[in-house]
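The following exercises are to be worked through with the sequence and the three-dimensional structure at hand. Each task is followed by a solution in steps.

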Amino acid sequence: MTPDRKTPPPHATHHLDDEHLRTALELATAGVPVLPLREGKGPFGNCRTCAKNACGGRPNMKSAGPCQCPGVCHAWAAATTDPNVINSPLWGAAWRQAGCVGYHPGGAGLTVVDLDNAAAVAWARETLPLTRTVPTTRGEHWLYLGAMPSHNAVRPGVDIKSHMSYARWLGPGTGTMTALPPAVPALVVNEETTSAPGEVVSSLPERAVWDRTVATGCRHTEQYVTTGLERGLALVRARLESGAASQAFGVARFLAAQHAQCPGPCGLDVIGAQIVAAAVSVGVPEDYARRAVTNGLQTAERTAA
């Protein structure tokens, strides 16, 4: 296993889609569901039929739907081991644009503990049983036998990727893969069931408001920022039963990434405070919500750097 590939010279770019496709087919033969990922490690967007989940979603998603679209739609839910799908013309267009190969750990009966920095790796070495490890750009992936719900920001620099998630394929890694230890599911037990709103004691102010007075260096219009923020807050508030902190992490990361090219300041602390308040309003403990949002903002900053 080698670290993340460096950008190839222009004359080599046309070979990458073949390399990614060969890797995907090898993984599929081994029973690992795969999908192409864009440059930047993100999934391909939905086709017109599936846009905004108009198709109802795929049957293997959390909210089961009827979608049988042959395209690379619905992110991790598109992952498959079917060589006919992987080799299909619709997927071929995605492979030609792919930056890397992704896979669905939960579909292969695996859990990936994603350690995003040296401190997180040090924590894992002190806390978790040894298993197969795969080097990443900033840290390591620790692979365990056994699947579980996926959660982001379970502690600083640590995400868990398994069910309803995808991971980037970086090679087979080294070491013997061991069974998923109880210590890993224990990291997310606090968020598995969100407390009823109104039962969380919070020190948050009544309302932190984003406007131009806190974002004098933002290059976006106020309407652009507030519209995106309100949509993100709605996603967090919709998580009434579970997953609100993970959603808050994702919203914070996405919104912060929109300001990567701004000279600043952009008032990200105020945006973060509003995301925290939304998570707290649906029962996430305040310290957990703050940690998830802070990790989301910092992850976007590191990605942009």
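Which residue of β9 does Leu145 stand opposite? Leu145 stands opposite Ala179 in β9.

The structure is a predicted model, in which local features need pLDDT of at least 70 and side-chain atom pairs count only at pLDDT 80 or more, while totals for chains, interfaces and linings use all residues. Residues are numbered from 1 along each chain as its sequence is written, and side-chain values use heavy atoms, with hydrogens and water left out.

**Exercise 1. Determine which strands pair with β5, and in which sense.**

Step 1. Begin with the terms. Strands (E, at least two residues) and helices (H or I, at least four residues) are DSSP runs, numbered from the N terminus. Two strands pair if DSSP finds at least two bridges between them. Strands of a sheet pair through backbone hydrogen bonds, either parallel or antiparallel.

Step 2. Consider β3 (residues 110–115), which pairs with β5 in the antiparallel sense over six bridges. The bridge partner of Leu115 in β5 is Glu140.

Step 3. Turn to β4, which is joined to β5 by four bridges, again in the antiparallel sense. Val134 stands opposite His141 in β5. Four residues lie between β4 and β5, and the two strands form a hairpin.

Step 4. Add β9 (residues 178–179), which runs parallel to β5 and is joined to it by two bridges.

Step 5. Examine the covering of β5 (residues 140–145). Five of its six residues are buried, where buried means under 20% relative accessible area, exposed over 50%, and partly exposed in between (1.4 Å probe, protein chains only).

**Exercise 2. Describe the surroundings of Thr133.**

Step 1. Locate the residue: Thr133 belongs to strand β4 (residues 132–135).

Step 2. Classify its accessibility. Thr133 counts as buried because its relative accessibility is 18%.

Step 3. List its contacts (heavy atoms within 4.5 Å). When residues up to four places away in sequence are not counted, Thr133 touches Glu140, His141, Trp142, Gly173 and Thr174.

**Exercise 3. State the strand order of the open sheet of three strands, and find the helix that packs on it.**

Step 1. The order is β1-β2-β8, and the pairing is antiparallel.

Step 2. The edge strands, each pairing on one side only, are β1 (34–37) and β8 (167–168).

Step 3. Between β2 (residues 100–103) and β8 there are two bridges. In β8, Arg168 is the bridge partner of Gly102.

Step 4. Helix α3 (residues 89–97) packs on the sheet and touches β1 and β2. The direction of α3 makes about 50 degrees with that of β1; such angles run from 0 to 180 degrees between N-to-C directions, with axes fitted to C-alpha atoms, for helices over the stretch in contact.

**Exercise 4. Explain how the buried residues of α7 are arranged.**

Step 1. Check the length. α7 has 16 residues and reaches 22 Å from its first C-alpha to its last, close to the expected 22 Å. The expected span is 1.5 Å times one less than the number of residues.

Step 2. Identify the buried residues of α7: Val225, Leu229, Gly232, Leu233 and Val236. These residues are on the same side of α7, because they cover an arc of only 100 degrees around the axis. The arc is that of the directions from the helix axis to the C-beta atoms.

Step 3. Compare the other side of α7, where Gln223 and Arg231 are exposed. The cover over the buried residues includes α8 and α9.

**Exercise 5. Place α9 within the largest nonpolar core.**

Step 1. A nonpolar core is a set of buried Ala, Val, Leu, Ile, Met, Phe, Trp, Tyr and Cys residues joined through side-chain atoms within 4.5 Å. The largest one has 33 residues, and Trp210, Ile271 and Ile275 have the most contacts inside it. At least two residues of this core come from each of α7 (222–237), α8 (244–257), α9 (268–281) and α10 (286–304).

Step 2. Ten of the 14 residues of α9 are buried, so α9 is largely enclosed by the rest of the structure.

Step 3. Leaving aside neighbours within four places in sequence, Ile271 is in contact with Trp210, Val225, Leu229, Leu255, His259 and Cys266.
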